[in-house]
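Hello,

Here is the structure I promised to pass on to you. Please have it open while you read, as my notes walk through it residue by residue.

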Amino acid sequence: MRVIDSHTEGEPTRVVIDGGPDLGHGPIRERATKFRQTEDAFRRLAVNEPRGSDAIVGALLCEPEDSSSAAGVIFFNNVGYLGMCVHGAIGVAVTLNYLGRIGIGIHQLETPVGIVQIDVLGPNQVAIENVPSFRYRTNVSVDVPSLGTISGDVAWGGNWFFLVDGAPVPLIRANVRQLSDAAEVIRDQLERDEVTGTDGAMVDHIAFFGPAESEDANSRNFVYCPGGAYDRSPCGTSTSAKLACLAEVFNDNKLQPGDVWIQESIIGSRFTATFRIDDSGRIIPCLNGRAFICSEASFVMQPDDPYINGIT
Ligand code: PYC
(Lines give C-alpha, C1' and ligand atoms only; values in the text may rest on other atoms or scores of the structure.)
Protein backbone atom coordinates (compact mmCIF):
# COMPACT_ATOMS: atom_id res chain seq x y z
CA MET A 1 0.00 0.00 0.00
CA ARG A 2 1.39 3.39 -1.01
CA VAL A 3 0.31 6.76 0.29
CA ILE A 4 1.21 10.37 -0.26
CA ASP A 5 0.76 12.75 2.67
CA SER A 6 0.14 16.44 2.26
CA HIS A 7 -1.30 19.21 4.34
CA THR A 8 -3.82 21.80 3.25
CA GLU A 9 -3.48 24.99 5.24
CA GLY A 10 -2.12 22.83 8.07
CA GLU A 11 -4.70 20.02 7.93
CA PRO A 12 -3.30 16.64 6.85
CA THR A 13 -4.56 14.49 3.96
CA ARG A 14 -3.32 10.98 3.19
CA VAL A 15 -4.03 9.92 -0.39
CA VAL A 16 -3.99 6.16 -0.97
CA ILE A 17 -2.49 5.85 -4.43
CA ASP A 18 -1.96 2.09 -4.50
CA GLY A 19 -2.98 -1.03 -2.59
CA GLY A 20 -6.43 0.11 -1.43
CA PRO A 21 -9.48 -2.19 -1.46
CA ASP A 22 -11.10 -2.98 -4.79
CA LEU A 23 -14.62 -1.59 -4.48
CA GLY A 24 -15.69 -2.46 -8.02
CA HIS A 25 -17.48 -0.04 -10.31
CA GLY A 26 -20.56 2.16 -10.25
CA PRO A 27 -21.50 5.34 -8.38
CA ILE A 28 -18.95 6.46 -5.78
CA ARG A 29 -21.79 6.69 -3.22
CA GLU A 30 -22.40 2.94 -3.59
CA ARG A 31 -18.68 2.18 -3.45
CA ALA A 32 -18.44 4.25 -0.23
CA THR A 33 -21.21 2.09 1.28
CA LYS A 34 -19.33 -1.04 0.27
CA PHE A 35 -16.13 0.39 1.78
CA ARG A 36 -17.94 1.00 5.09
CA GLN A 37 -19.64 -2.39 5.14
CA THR A 38 -16.80 -4.62 4.04
CA GLU A 39 -13.44 -2.84 4.27
CA ASP A 40 -13.58 -0.77 7.44
CA ALA A 41 -10.37 -2.40 8.75
CA PHE A 42 -8.57 -0.75 5.85
CA ARG A 43 -9.81 2.68 6.98
CA ARG A 44 -8.45 2.10 10.50
CA LEU A 45 -5.15 0.79 9.20
CA ALA A 46 -4.71 3.74 6.86
CA VAL A 47 -5.31 6.66 9.24
CA ASN A 48 -5.25 5.50 12.85
CA GLU A 49 -2.21 5.17 15.07
CA PRO A 50 0.42 3.78 14.88
CA ARG A 51 0.63 4.79 11.18
CA GLY A 52 -1.54 7.89 11.44
CA SER A 53 -3.23 10.21 13.91
CA ASP A 54 -6.70 11.51 14.79
CA ALA A 55 -6.21 14.56 12.57
CA ILE A 56 -5.50 12.75 9.29
CA VAL A 57 -8.19 12.55 6.63
CA GLY A 58 -7.70 9.62 4.27
CA ALA A 59 -8.62 9.79 0.59
CA LEU A 60 -9.06 6.55 -1.31
CA LEU A 61 -8.65 7.10 -5.04
CA CYS A 62 -11.04 5.06 -7.21
CA GLU A 63 -11.63 4.70 -10.92
CA PRO A 64 -14.22 7.39 -11.75
CA GLU A 65 -17.63 6.34 -13.01
CA ASP A 66 -17.36 8.93 -15.77
CA SER A 67 -14.06 8.57 -17.59
CA SER A 68 -13.84 12.33 -18.11
CA SER A 69 -13.42 12.81 -14.32
CA ALA A 70 -9.88 12.90 -12.93
CA ALA A 71 -10.76 10.38 -10.20
CA GLY A 72 -13.34 9.13 -7.78
CA VAL A 73 -12.47 9.71 -4.13
CA ILE A 74 -13.82 8.51 -0.80
CA PHE A 75 -12.77 10.53 2.25
CA PHE A 76 -12.50 8.94 5.69
CA ASN A 77 -11.15 9.73 9.13
CA ASN A 78 -10.35 8.11 12.47
CA VAL A 79 -13.98 7.17 13.15
CA GLY A 80 -15.75 6.88 9.80
CA TYR A 81 -16.50 8.45 6.44
CA LEU A 82 -17.00 12.00 5.17
CA GLY A 83 -19.39 13.08 2.42
CA MET A 84 -17.02 15.66 1.05
CA CYS A 85 -13.84 17.21 2.35
CA VAL A 86 -12.61 20.43 0.80
CA HIS A 87 -9.17 20.46 2.38
CA GLY A 88 -8.90 16.81 1.33
CA ALA A 89 -9.94 17.60 -2.26
CA ILE A 90 -7.26 20.31 -2.40
CA GLY A 91 -4.77 17.73 -1.08
CA VAL A 92 -5.91 15.20 -3.71
CA ALA A 93 -5.57 17.79 -6.49
CA VAL A 94 -2.04 18.77 -5.43
CA THR A 95 -1.10 15.10 -5.08
CA LEU A 96 -2.44 14.16 -8.53
CA ASN A 97 -0.56 17.13 -10.00
CA TYR A 98 2.63 16.10 -8.14
CA LEU A 99 2.28 12.60 -9.63
CA GLY A 100 1.83 14.10 -13.11
CA ARG A 101 -1.68 12.61 -13.39
CA ILE A 102 -3.38 15.98 -13.87
CA GLY A 103 -2.07 19.31 -15.13
CA ILE A 104 -2.83 22.91 -14.35
CA GLY A 105 -6.47 23.63 -15.20
CA ILE A 106 -9.96 22.44 -14.41
CA HIS A 107 -10.85 18.81 -13.61
CA GLN A 108 -13.64 16.88 -11.97
CA LEU A 109 -13.60 14.71 -8.86
CA GLU A 110 -16.44 12.30 -8.07
CA THR A 111 -17.34 12.08 -4.37
CA PRO A 112 -20.10 10.20 -2.52
CA VAL A 113 -22.14 13.43 -2.25
CA GLY A 114 -21.63 14.72 -5.78
CA ILE A 115 -19.18 15.91 -8.38
CA VAL A 116 -16.86 18.75 -7.43
CA GLN A 117 -14.71 20.82 -9.73
CA ILE A 118 -11.01 21.25 -9.00
CA ASP A 119 -9.13 24.13 -10.56
CA VAL A 120 -5.40 23.48 -10.24
CA LEU A 121 -3.96 27.00 -10.31
CA GLY A 122 -0.38 25.98 -9.52
CA PRO A 123 1.52 23.09 -7.92
CA ASN A 124 0.31 24.19 -4.47
CA GLN A 125 -2.77 26.33 -5.16
CA VAL A 126 -6.22 24.92 -5.89
CA ALA A 127 -9.77 26.25 -6.05
CA ILE A 128 -12.59 23.79 -5.36
CA GLU A 129 -16.12 24.34 -6.55
CA ASN A 130 -17.99 22.42 -3.89
CA VAL A 131 -21.35 20.65 -3.87
CA PRO A 132 -24.48 22.84 -3.47
CA SER A 133 -24.68 24.08 0.11
CA PHE A 134 -27.67 25.22 2.14
CA ARG A 135 -28.96 26.23 5.54
CA TYR A 136 -31.46 23.70 6.82
CA ARG A 137 -32.47 25.15 10.22
CA THR A 138 -31.96 28.65 11.61
CA ASN A 139 -31.25 29.70 15.15
CA VAL A 140 -31.72 26.34 16.86
CA SER A 141 -31.23 26.58 20.65
CA VAL A 142 -29.92 23.76 22.80
CA ASP A 143 -29.51 23.79 26.59
CA VAL A 144 -26.08 22.42 27.21
CA PRO A 145 -25.07 21.39 30.72
CA SER A 146 -21.98 23.45 31.71
CA LEU A 147 -22.47 25.98 28.86
CA GLY A 148 -26.07 27.16 29.09
CA THR A 149 -28.20 27.90 26.02
CA ILE A 150 -26.29 27.75 22.75
CA SER A 151 -27.90 28.82 19.47
CA GLY A 152 -26.75 28.00 16.00
CA ASP A 153 -27.71 27.10 12.45
CA VAL A 154 -27.80 23.60 11.00
CA ALA A 155 -26.32 23.71 7.50
CA TRP A 156 -24.91 21.44 4.80
CA GLY A 157 -21.65 22.08 2.96
CA GLY A 158 -20.86 18.47 2.01
CA ASN A 159 -21.07 17.40 5.68
CA TRP A 160 -23.55 18.47 8.39
CA PHE A 161 -22.59 21.37 10.64
CA PHE A 162 -23.91 23.19 13.67
CA LEU A 163 -22.61 26.74 13.19
CA VAL A 164 -22.38 28.94 16.24
CA ASP A 165 -21.70 32.69 16.04
CA GLY A 166 -19.33 33.24 18.94
CA ALA A 167 -17.45 30.78 21.11
CA PRO A 168 -17.33 29.93 24.83
CA VAL A 169 -13.67 31.03 25.01
CA PRO A 170 -11.56 33.16 22.65
CA LEU A 171 -10.69 31.52 19.33
CA ILE A 172 -6.99 31.12 19.94
CA ARG A 173 -4.88 28.04 19.58
CA ALA A 174 -4.11 27.87 23.31
CA ASN A 175 -7.83 27.22 23.87
CA VAL A 176 -8.10 24.19 21.58
CA ARG A 177 -8.78 21.79 24.48
CA GLN A 178 -11.58 23.95 25.94
CA LEU A 179 -13.07 24.58 22.51
CA SER A 180 -13.01 20.85 21.77
CA ASP A 181 -14.67 20.01 25.09
CA ALA A 182 -17.38 22.62 24.49
CA ALA A 183 -17.99 21.40 20.94
CA GLU A 184 -18.27 17.83 22.16
CA VAL A 185 -20.94 18.60 24.76
CA ILE A 186 -22.88 20.64 22.21
CA ARG A 187 -22.78 17.76 19.76
CA ASP A 188 -23.94 15.33 22.46
CA GLN A 189 -26.84 17.65 23.32
CA LEU A 190 -27.83 18.00 19.65
CA GLU A 191 -27.99 14.23 19.49
CA ARG A 192 -30.04 13.97 22.70
CA ASP A 193 -32.42 16.67 21.40
CA GLU A 194 -32.65 14.85 18.06
CA VAL A 195 -31.48 17.90 16.12
CA THR A 196 -30.46 16.40 12.79
CA GLY A 197 -29.83 17.24 9.16
CA THR A 198 -32.19 16.09 6.44
CA ASP A 199 -33.28 12.43 6.64
CA GLY A 200 -32.23 12.27 10.29
CA ALA A 201 -28.54 12.64 9.42
CA MET A 202 -26.31 13.23 12.43
CA VAL A 203 -24.94 16.76 12.79
CA ASP A 204 -21.43 15.57 13.48
CA HIS A 205 -19.31 18.72 12.97
CA ILE A 206 -19.48 21.74 15.29
CA ALA A 207 -18.08 25.12 14.21
CA PHE A 208 -17.56 28.27 16.26
CA PHE A 209 -17.10 31.58 14.41
CA GLY A 210 -15.65 34.83 15.73
CA PRO A 211 -13.63 37.86 14.64
CA ALA A 212 -10.54 37.28 12.51
CA GLU A 213 -7.09 38.03 13.80
CA SER A 214 -5.74 39.40 10.51
CA GLU A 215 -7.18 42.65 9.30
CA ASP A 216 -8.07 41.45 5.81
CA ALA A 217 -9.94 38.29 6.90
CA ASN A 218 -13.67 38.20 7.61
CA SER A 219 -13.82 35.61 10.35
CA ARG A 220 -11.88 33.02 12.34
CA ASN A 221 -13.32 29.59 13.08
CA PHE A 222 -12.77 26.49 15.14
CA VAL A 223 -14.15 23.29 13.67
CA TYR A 224 -14.57 20.13 15.71
CA CYS A 225 -14.57 16.94 13.65
CA PRO A 226 -16.52 13.72 14.32
CA GLY A 227 -13.57 11.78 15.78
CA GLY A 228 -12.53 14.46 18.29
CA ALA A 229 -9.84 16.16 16.21
CA TYR A 230 -10.05 19.84 15.34
CA ASP A 231 -9.51 21.10 11.82
CA ARG A 232 -6.22 22.93 11.40
CA SER A 233 -7.52 24.42 8.16
CA PRO A 234 -10.64 26.64 8.03
CA CYS A 235 -12.57 23.48 6.97
CA GLY A 236 -13.93 24.04 3.49
CA THR A 237 -17.20 22.20 4.00
CA SER A 238 -17.82 24.29 7.13
CA THR A 239 -16.92 27.48 5.26
CA SER A 240 -19.35 26.39 2.52
CA ALA A 241 -22.10 25.89 5.10
CA LYS A 242 -21.26 29.32 6.55
CA LEU A 243 -21.51 30.95 3.10
CA ALA A 244 -24.93 29.36 2.65
CA CYS A 245 -26.05 30.90 5.96
CA LEU A 246 -24.71 34.31 4.98
CA ALA A 247 -26.06 34.26 1.46
CA GLU A 248 -28.61 36.76 0.31
CA VAL A 249 -31.01 34.15 -1.05
CA PHE A 250 -31.64 33.04 2.53
CA ASN A 251 -32.45 36.63 3.51
CA ASP A 252 -29.47 37.26 5.74
CA ASN A 253 -28.36 39.69 3.07
CA LYS A 254 -24.82 39.58 4.39
CA LEU A 255 -23.05 38.18 1.35
CA GLN A 256 -23.82 38.41 -2.36
CA PRO A 257 -22.74 36.04 -5.12
CA GLY A 258 -19.14 36.87 -6.06
CA ASP A 259 -18.35 38.58 -2.73
CA VAL A 260 -15.10 37.35 -1.22
CA TRP A 261 -15.12 35.83 2.26
CA ILE A 262 -11.74 35.11 3.84
CA GLN A 263 -12.09 32.44 6.49
CA GLU A 264 -9.25 32.10 8.96
CA SER A 265 -8.65 28.86 10.87
CA ILE A 266 -7.78 28.43 14.53
CA ILE A 267 -4.09 28.27 13.53
CA GLY A 268 -4.39 31.37 11.34
CA SER A 269 -4.34 29.65 7.94
CA ARG A 270 -7.03 30.66 5.46
CA PHE A 271 -9.37 29.82 2.61
CA THR A 272 -10.60 32.51 0.25
CA ALA A 273 -14.23 31.75 -0.53
CA THR A 274 -16.94 33.01 -2.87
CA PHE A 275 -20.17 31.53 -4.16
CA ARG A 276 -22.34 31.59 -7.24
CA ILE A 277 -25.98 30.68 -7.73
CA ASP A 278 -26.58 27.88 -10.23
CA ASP A 279 -29.48 27.55 -12.70
CA SER A 280 -31.58 25.83 -10.03
CA GLY A 281 -31.01 28.68 -7.54
CA ARG A 282 -28.58 26.66 -5.41
CA ILE A 283 -25.53 28.09 -3.66
CA ILE A 284 -22.29 26.75 -5.13
CA PRO A 285 -19.32 27.70 -2.93
CA CYS A 286 -15.81 28.00 -4.30
CA LEU A 287 -12.83 27.72 -1.93
CA ASN A 288 -9.27 28.56 -2.72
CA GLY A 289 -6.36 27.26 -0.62
CA ARG A 290 -2.88 25.81 -0.63
CA ALA A 291 -1.58 22.29 -0.06
CA PHE A 292 1.97 20.97 0.21
CA ILE A 293 3.31 17.44 -0.16
CA CYS A 294 4.94 16.19 3.07
CA SER A 295 5.92 12.57 2.42
CA GLU A 296 5.58 9.49 0.26
CA ALA A 297 5.39 6.17 2.09
CA SER A 298 4.92 2.43 1.58
CA PHE A 299 3.14 0.71 4.44
CA VAL A 300 4.52 -2.54 5.81
CA MET A 301 2.12 -5.05 7.38
CA GLN A 302 3.78 -7.71 9.53
CA PRO A 303 1.42 -10.61 10.28
CA ASP A 304 2.32 -10.80 13.99
CA ASP A 305 1.72 -7.08 14.58
CA PRO A 306 -1.08 -6.88 17.20
CA TYR A 307 -1.97 -3.43 15.86
CA ILE A 308 -1.76 -4.31 12.18
CA ASN A 309 -5.17 -2.70 11.59
CA GLY A 310 -4.48 0.33 13.74
CA ILE A 311 -5.41 1.21 17.31
CA THR A 312 -9.09 1.97 17.64
O1 PYC B 1 -12.06 20.94 4.67
O2 PYC B 1 -14.08 20.21 4.33
C3 PYC B 1 -13.01 20.20 4.95
C4 PYC B 1 -12.88 19.25 6.07
C5 PYC B 1 -13.83 18.40 6.57
C6 PYC B 1 -13.24 17.71 7.63
C7 PYC B 1 -11.94 18.13 7.73
N8 PYC B 1 -11.74 19.08 6.77
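Below is what I found, beginning with the ligand site and moving on to the backbone and two strand residues.

A word of caution before the details: this is a predicted model.

**The ligand site**

The residues surrounding the ligand are Cys85, Val86, His87, Asp231, Cys235, Gly236 and Thr237. Two polar approaches come from the backbone. A polar backbone atom of Val86 sits 2.9 Å from an oxygen atom of the ligand, and a backbone N or O atom of His87 is also placed 2.9 Å from a ligand oxygen atom. Asp231 contributes through its side chain, where an N or O atom is 2.7 Å from a nitrogen atom of the ligand. As for cover, the ligand taken alone would expose 250 Å², and the protein buries 99% of that.

**A closer look at Asp231**

Asp231 deserves some time of its own. You will find this residue in the loop that runs between β13 (219–224) and α5 (236–246). Which side chain of opposite charge is nearest to Asp231, and how far away is it? It is Arg232, at 7.1 Å. Asp231 is buried and yet has no salt bridge; a salt bridge would need a side-chain nitrogen of Lys or Arg within 4 Å of a carboxyl oxygen. Its side chain does have a polar atom 2.8 Å from the backbone nitrogen of Ser233. Setting aside residues up to four places away in sequence, Asp231 touches Glu11, His87, Val223, Cys225 and Ile266. His87 thus appears both in this list and among the residues around the ligand.

**Backbone geometry to check**

Most residues other than glycine have a negative phi, and most peptide bonds are trans. With that in mind, here are three places to look at:

- Cys235, one of the residues around the ligand, has a positive phi of about 60 degrees although it is not a glycine. Cys235 lies in the loop between β13 and α5, and is buried, with a relative accessible area of 5%.
- Ser146, again not a glycine, has a positive phi of about 80 degrees. This serine belongs to the loop between β9 (134–144) and β10 (148–156). Is Ser146 buried or exposed? Ser146 is exposed, at 72% relative accessible area.
- The peptide bond from Glu49 to Pro50 is cis, and its omega is near 5 degrees. Pro50 is found in the loop between α2 (40–47) and β3 (57–62).

**Two buried strand residues**

Asp5 is part of strand β1 (residues 2–8). Its relative accessibility is 13%, so Asp5 counts as buried. The side chain of Asp5 makes a polar contact with the side chain of Arg14, at 2.8 Å. Leaving out neighbours within four places in sequence, Asp5 is in contact with Thr13, Arg14, Phe292, Ile293, Cys294 and Ser295.

Ile283 lies in strand β16, which covers residues 283–298. This isoleucine has a relative accessibility of 1% and therefore counts as buried. Its C-alpha atom is separated by 9.7 Å from that of Ala241, a residue 42 places away along the chain.

If you have time for just one region, please start with Asp231, whose side chain has an N or O atom 2.7 Å from a ligand nitrogen.

Best wishes, and enjoy looking through it!

Technical notes:
Residues numbered from 1 in each chain as written. Predicted model: local features only at pLDDT ≥ 70, side-chain atom pairs only at ≥ 80, totals over all residues. Heavy atoms only, no water. Helix = DSSP H or I, 4+ residues; strand = E, 2+ residues; numbered from the N terminus. Buried < 20%, exposed > 50% of the residue type's maximum accessible area, 1.4 Å probe, protein only. Lys, Arg positive; Asp, Glu negative; His and termini not counted. Polar contact = N/O pair within 3.5 Å; in protein donor to acceptor, adjacent residues only side chain to side chain. Contact = heavy atoms within 4.5 Å. Near = heavy atom within 4 Å. Areas by Shrake-Rupley, 256 points an atom, 1.4 Å probe, with all protein chains shown as cover.
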